[in-house]
Amino acid sequence: MSDLAALENETLESIASAADEAGLEGVRVAALGKKGSVSALLATLGKMAPEDRKVRGAAINLLKDRIVEAFEARREVLKQAALEARLAAEVVDVTLPVRPSPLDNGRIHPITQVMDEVAVIFADMGFAIAEGPDIETDDFNFTKLNFPPDHPAREMHDTFFFSPSADGSRALLRTHTSPVQVRTMLAQQPPIRIICPGRTYRCDSDQTHTPMFHQVEGLVIDRQANLGNLKWILEEFCKAFFEVPEVTMRFRPSFFPFTEPSMEVDIRCSRRDGEIRFGEGEDWLEILGCGMVHPNVLTACGIDPEIYQGFAWGMGIDRIAMLKYGIPDLRAFFESDIRWLNHYGFRPLDLPSLLAGLSA
Ligand code: DAH
């Protein structure tokens with residue numbers, strides 16, 4: 001047998017016995033690679049006489065073609081075999097029952113859910129989210145919000161004060177999210193359009209009050225921000241949040257030191273068989289406080305009230321969560337009872353979205 005025939009036989013045998021694509025690649029490199037046996041043969045052509053080179057060259061090239069062909073064919077076979085083995089190994093029996101995953105046990109707390117719902121609705125209207133610390137100064141929680149020193153409203157807030165520090169100032173747990181308005185106005189120039197969700201604290205506890213609760217504040221400051229804008233925003237919010245096509249709202253005069261005029265807002269509802277329905281009925285339900293930002297607050301926060309005006313509102317998140325999801329007792333929110341969470345909580349992957357439905 002000629003040396004070429006021997007090499008061909010040997011290489012074809014190796015190709016045929018390669019067990020997988022990696023093994024086959026090894027054979028390919030050994031024959032056709034830069035330092036492979038066929039390449040070595042081709043390298044000998046240079047030193048041959050032209051007549052011999054013609055004959056020998058043609059023979060080596062034919063050999064090379066046959067090896068390449070065998071290699072391609074074997075690669076196809078091995079590829080197919082690998083695919084079939086994988087399909088067999090990864091077979092899924094779709095008739096098997098779905099096993100519960102840890103995700104099925106965890107639940108999103110209704111307060112977190114409602115905060116997310118509120119954020120989605122206001123983000124759609126172009127609001128940014130602002131946050132501030134739970135421990136505040138008296139200045140940001142009260143003074144800059146136009147509460148005069150010794151004003152009774154400071155007492156109405158049932159404030160948790162810390163012990164006075166050496167300079168006589170007292171830190172406190174913020175009694176509302178309104179100090180985040182102050183922080184935002186001090187830090188950025190109008191136009192401002194923010195919501196501030198967060199924890200708030202008052203020394204109070206019964207079926208509808210807990211020492212720690214949650215609020216969401218809204219603030220818009222611009223040259224022409226007005227009560228008409230505020231009314232539209234609140235109406236759109238209520239329709240989206242309570243997932244009803246229409247709401248009727250009632251604005252009642254009220255008092256907050258930081259707004260003038262100040263109003264409380266009720267929405268129309270019906271209460272039948274222990275169930276509240278919004279957008280219909282004869283009853284009214286208070287849901288938030290709001291008003292035009294007091295010029296004193298703008299001035300205290302470095303904004304010129306001759307140029308800018310704005311409106312704000314504050315809403316209890318726990319309260320609107322209770323209303324929307326029919327939760328009767330506020331205290332249960334903070335008892336971490338797993339049975340309660342299983343009942344009132346939300347599935348972690350069902351994130352609220354305006355397109356897919358807020359509470360779907
Ligand atoms: N901070 C008020 C409270 O806790 C709620 C509130 C009312 C906030 C009117 C506002 C507002 O921004 O304009 O009772």
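1. A good place to start is His294, which is buried, its relative accessible area being 17%. That value earns the label because buried means under 20%. Please keep in mind throughout that this is a predicted model.

2. Where does His294 sit? It is found in the loop that runs between strand E9 (283-293) and helix H11 (295-300). A polar atom of the His294 side chain lies 3.0 Å from the backbone nitrogen of Asn296. If you set aside neighbours within four places in sequence, the residues in contact with His294 are Asn146, Pro257, Phe258, Thr259 and Glu260.

3. Now to the ligand. There are 15 residues around it, and those that come nearest are His176, Gln181, Arg202, Gln215 and Glu217. By character, the shell divides into 5 nonpolar, 8 polar and 2 charged residues. At least two shell residues each come from helix H9 (178-187), strand E5 (212-222), strand E9 and strand E10 (309-316).

4. Some individual contacts are worth a look on your screen. Gln181 places a polar side-chain atom 3.0 Å from an oxygen atom of the ligand. For Gln215, an N or O atom in the side chain is 2.9 Å from a ligand oxygen. Ala312 takes part through its backbone, with an N or O atom 3.1 Å from an oxygen atom of the ligand. As for cover, the ligand has 350 Å² of accessible area on its own, and the protein covers 91% of that.

5. The aromatic side chains deserve a point too, with a count of 14 aromatic pairs. In one of these, the ring centres of Phe122 and Trp313 are 5.4 Å apart and the planes meet at 35°, so the pair is tilted. Phe122 belongs to helix H6 (residues 110-124) and Trp313 to strand E10, so this pair links distant parts of the chain, 191 residues apart. Both Phe122 and Trp313 are buried.

6. Trp313 also pairs with Phe127: their ring centres lie 5.8 Å apart with the planes at 75°, which is why this pair is edge-to-face. Phe127 lies in the loop between H6 and strand E1 (128-129) while Trp313 lies in strand E10, so the pair ties together parts 186 residues apart in sequence. Phe127 is buried, as is Trp313.

7. Which residues form one aromatic cluster with Phe122, Phe127 and Trp313? The other members are Phe237, Phe241, Phe242 and Phe278.

Key
Residues numbered from 1 in each chain as written. Predicted model: local features only at pLDDT ≥ 70, side-chain atom pairs only at ≥ 80, totals over all residues. Heavy atoms only, no water. Helix = DSSP H or I, 4+ residues; strand = E, 2+ residues; numbered from the N terminus. Buried < 20%, exposed > 50% of the residue type's maximum accessible area, 1.4 Å probe, protein only. Polar contact = N/O pair within 3.5 Å; in protein donor to acceptor, adjacent residues only side chain to side chain. Contact = heavy atoms within 4.5 Å. Near = heavy atom within 4 Å. Areas by Shrake-Rupley, 256 points an atom, 1.4 Å probe, with all protein chains shown as cover. Nonpolar A, V, L, I, M, F, W, Y, C, P; charged D, E, K, R; others polar. Phe/Tyr/Trp six-rings, centres within 6.5 Å; stacked < 30°, edge-to-face > 60°.
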